[in-house]
Each structure stands twice: as C-alpha cells, then as structure tokens.
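Me: I'm new to this one and would like a walk through it. Can you pull it up and start with whatever vocabulary I'll need?

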Amino acid sequence: MHIGIDFGTSYSAAATYRNGMLEIIRFGDAAQFRTAVFFPEVVPDPSDFVLTPALESEVETHVRDLRIQQRQFGTPERADDVLRRDAIRVVRRQWLEERARTSPAATLESFQHALFGDDAVDAYMEYGDGNLIESPKSMLGFRMDADVRKVIVHITTHILEHIRLTASRQLDEPVRSAVIGRPVQFRSSMGERGSEQAIELIREAAAVAGFDEISFMEEPAAAAMHYHKSLEHRQRALIVDIGGGTTDVAYAELGGGEHPQITRSWGLAKGGTDLDVNLSVHAFMPLLGNNIANVPVHYFVEAASVHNLPKQREFRRQDFRFVDEPWQSRLCNLHIPGATTRLNQEAEHTKIVLSTEPAHRSDLGFLEDGVGVDTTQSDLSEAISPFIHRLKRALGDVNDDLVELEIPASVFLTGGTSRSLAVQAAVRESFPKIDLVKGDPSLGVVSGLAVAAAELDGMPP
Ligand SMILES: Nc1ncnc2c1ncn2[C@@H]1O[C@H](COP(=O)(O)OP(=O)(O)OP(=O)(O)O)[C@@H](O)[C@H]1O
Ligand SMILES: [Mg+2]
C-alpha cells in the first residue's frame, strides 16, 4: 500500500486511502507533527573543531610526514600552506571520528533516543543541551560539506522512518511505498541544483528509512488532486499553497469525473518562517539593541534565523563585550542554548495570535526578568511587508503567464500561511476577478498526496 507524505518545512503529515476513504495518519492526538527532531546527546559538530596545542602538534607531524613522502616519491613539491591545509583536513577528520566514537554522542545510539515534533522543541528548551534540528527541509538545498550532509540525511531518515512506522502501526500492515510532496523550488543556495540535491538527499534518506519505492509530486499539484475530488464540473483552477518554507502555485484542469491535468507550476522559496524572522527582527530585536546599540544588524538576523544552521553558528560566535547594558546581558542570555528557538517560537506565536487578535503581549522574561513586548496588527503588517511585496510580485508573474492560458474559474488557497489575513488579501488583490476558494490550510497537500498514492494502488482519483 502507498501512502502520501507531506514532508513540510514546519509540519509533516501522512495519509492514504483505505476502503475508498481518506485516512489521515495520527501522530499521537494530532493529524500532523512539527518537523523537528531532538537528540538528547550531542552529535559532533564539525564546526566545533579548533586547533588546540595538541592538535596543532599533530598537524605539524602530518606536515613533516607529507614532506618526507614528497621527497621519497619524487612528487611535485607542494607549497607549505597546501601541505598544512591537507594536514589539517586529516586531523579534523580523525578528530570527528574520535568524537563520534568516544562521546556518548555515538551517533546511532543518539539517534535512537530522538524525540519528534513539539516534544522535540520542548525537550531542547528544557534541557538546553543536545541537538535540535527544526525544519531540516529548509537545509536540503544548501551547499554542505560531507559531514553536514551525513547529519542532514540521518535526520531526514529519522523523520521518514517515524512516519513509516507510525503509518504501519495504524494501517496494520508494513508500509514500504510512498508519494512524497516536494516544493516546485526548494530553498536553495545553488539555484536549480539545490532542488536536485534536495531530492537526492530525500531519496537516500527514504531508502534507509525502509521505503522500497518512492515517487515525488509537486505540492501544489497534490493540493490540486485534493481540490479535484470536490469539483463536480470540469474547470480550470489555480492552486496556491503558502507554507512554512515555500510558496507554490499550479495551474490545472480539474473535476467533472475526468482525470486531473496539471499544466504548469511556479515556485517562490519563501514562506511563513520568513515572516517569523521579519517579525522577530522588527518587533523583538530592538529590545536587544537593534537600531539602538552599535550592534551590526546582521547579528539580529542571524539570531532570528533559527532554520539556518550557519547563521545560528555565526550568532553563537559573536562577542558582545563591547555592547552597553542592558543589551549586553540580554544578548548574552540569547546565547544560552535554546534561547533563539524560544524567541522564534514567541515570534511565530505572536504572528498567529495577531492574525485574529488586534494586539498581543509577548513575554520575553528569559532575556531579562519582566521584559516583554506589546505588538499590534499594524506592527505585524509593517514587519511582514517585504514578504507581502515579494508574494505579490511572484503572483504578478503568474498573472502574466496566464495570458497564454484560459482564465481559471477559481483560485484554491491552502498552506498554513494562508491563514494570515494580509496574505489572503494579497492573493485576492492579485486575482481580483477570480473566485477565491479557501481550502483546509493544513491538510490540502497531504490529502492530495493520498489521492496520488491511491492511484498508484490502482484506484482512480
Ligand atoms: N494564523 C496564522 N497566521 C499566519 N501564519 C500561520 C497561521 N497559522 C499557521 N501559520 C504558519 O503556517 C506555516 C506552516 O504552514 P504549513 O503547515 O502549510 O507549512 P509546511 O507544509 O510545513 O511548509 P512547506 O510546505 O513550505 O514546506 C508556519 O509558518 C506557521 O507559522
Ligand atoms: Mg506544505
């Protein structure tokens, strides 16, 4: 039996058709879980490597050995800095292997004690130690070295295995095949190559997680399959899925008992997690000195970008001794493990509350006793205006392309970020003459992936 898997930046879910009925896989009491994993022990982090005097003397020994080899084998002479670089590489690799072997972090064992979803985030904030990886999907399209690649594949494997085992238990049969959703464009530092790498990594992880057969479907195409089921009459439709990491659009011919036809898709690698960074920098960071103290603004962006490991690492390395009080102490408290995650959670929560309430007070007592921030809906709109602007531009491009196609009868809107009133307004303004149909923001994609999975099992959609 095939299942559909929505491996989302913020939330993951799975579903299938059983006896002709859509069945959503339950994770505990919920229909989805936050895409976060926590490992209680510390997985060696290659960037923790520093040349201690002992390691420095190992490097020197290697350089000497390399020079001797060079003379013995008559190989062309290499400059001293090249020899030193090669020697450091060897010492660094040995250091990593040694750490993985001797620390309680021994990778496999550590992975066996993984926690998923909100439990993962809570555990990390409670213990302040160990490793929390949130939104690994956001990292798949970035340039990475071999060590980081291994860790990211491990994490993705664990999430997919968690899904596979949970589904197998609920369905009472071993699940080994899946249709996995993918954005049109992954978040990437390498353009199209980033999406290719992301797919390779997911394939690799899925195989280790026990899937014998997987295929991919673009997320807005999946949402279209779901919308298709509800349409009695054939129509052209535009599907807009605004998630945590990406915004994806598809143009399709749907409904009326015929097979759905997906004609075209567009992708923008921005989503709800960018709104959290915007809000955090705009509304929370002034409390930490943004625009007031002489701290470069990129420090604040690094602190707020919890889904970007290199940026988080940069922030952890910053030195705040030159910053005046009270900002210095607050910034130092933001250095405590778990604090940037907590600040981000508070930013996301504030964003969500402000989508229905006029104002909200965020308690930031973990930065300093009694500190908090009051924000209003207008603070939120100001903070997220760069995203809204970008979204409108992307939808404008879609509109331009529509002249070559027949005007759609409806725009079907899904994805968690489509709960934002400002985002809904931007979509409406972009397509003023087309009916807006609001789908389930959370389960549109996974329900459509289940339709695609059922089709592979021989059931027509
Ligand atoms: N009321 C709300 N207002 C604004 N944003 C919201 C609201 N509720 C949830 N969100 C946001 O929706 C996003 C999650 O949406 P969704 O579950 O569709 O993403 P995803 O599928 O995990 O991500 P992606 O598809 O981009 O990989 C999060 O950024 C979350 O903060
Ligand atoms: Mg999604």
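Reply: Sure, vocabulary first: helices (H or I, at least four residues) and strands (E, at least two) are DSSP runs, numbered from the N terminus. This is a predicted model, where local features need pLDDT of at least 70, side-chain atom pairs count only at pLDDT 80 or more, and totals for chains, interfaces and linings use all residues. Residues are numbered from 1 along each chain as its sequence is written, while chains are lettered from A and ligands numbered from 1 in the order in which they are written.

Me: Ok, which element gives the most to the shell around ligand 1?

Reply: Helix H12 does, with 3 residues. H12 covers 339-353, and helix H8 (272-284) also gives two or more residues to that shell.

Me: How many residues surround ligand 1, and which are the closest?

Reply: There are 23, and the closest are Gly 8, Thr 9, Gly 243, Gly 272 and Gly 416. A residue is near a molecule or strand if its C-beta atom, placed from the backbone, lies within 6 Å of it.

Me: How does the shell around ligand 1 divide into nonpolar, polar and charged?

Reply: It has 2 nonpolar, 16 polar and 5 charged residues. Ala, Val, Leu, Ile, Met, Phe, Trp, Tyr, Cys and Pro count as nonpolar, Asp, Glu, Lys and Arg as charged, and the others, Gly among them, as polar.

Me: And which domains does the shell draw at least three residues from?

Reply: Domain 2 (233-271 + 386-439) and domain 3 (273-384) each give at least three. Those bounds come from an automatic or database domain assignment.

Me: New topic: strand S1. Is it covered, and how many of its residues are buried?

Reply: S1 (residues 2-7) is mostly covered, with 6 of its 6 residues buried. Buried means 20 or more other C-beta atoms within 10 Å of a residue's own, exposed means 12 or fewer, and partly exposed is in between, with C-beta atoms placed from the backbone. On one side of S1 sit His 2, Gly 4 and Asp 6, and on the other Ile 3, Ile 5 and Phe 7.

Me: What does S1 pair with?

Reply: S1 runs parallel to strand S8 (residues 177-182), joined by 4 bridges, and Ile 5 stands opposite Ile 180 there. S1 also pairs with strand S2 (residues 11-18), in the antiparallel sense over 4 bridges. A hairpin of 3 residues links S1 to S2, and Phe 7 has Ser 12 as its bridge partner. For two strands to pair, DSSP has to find at least two bridges between them.

Me: What about the open sheet of 3 strands, what's its order?

Reply: S6-S5-S7, with antiparallel pairing. S6 (115-116) and S7 (131-134) are the edge strands, each pairing on one side only. Helix H4 (residues 117-127) packs on that sheet, touching S5, S6 and S7.

Me: Anything odd in the backbone?

Reply: Some background: most residues other than glycine have a negative phi, and most peptide bonds are trans. The bond from Glu 325 to Pro 326 is cis, with omega near 5 degrees, and Pro 326 lies in the loop between helix H10 (309-317) and helix H11 (327-334). Ser 135 has a positive phi of about 50 degrees, and Asn 291 has one of about 70 degrees.

Me: Is Ser 135 buried or exposed?

Reply: Ser 135 counts as buried because it has 20 other C-beta atoms within 10 Å. Asn 291 has 11 within 10 Å, so Asn 291 is exposed.

Technical notes:
Contact = placed C-beta atoms within 7 Å. Axes fitted to C-alpha atoms, helices over the stretch in contact; angles between N-to-C directions.
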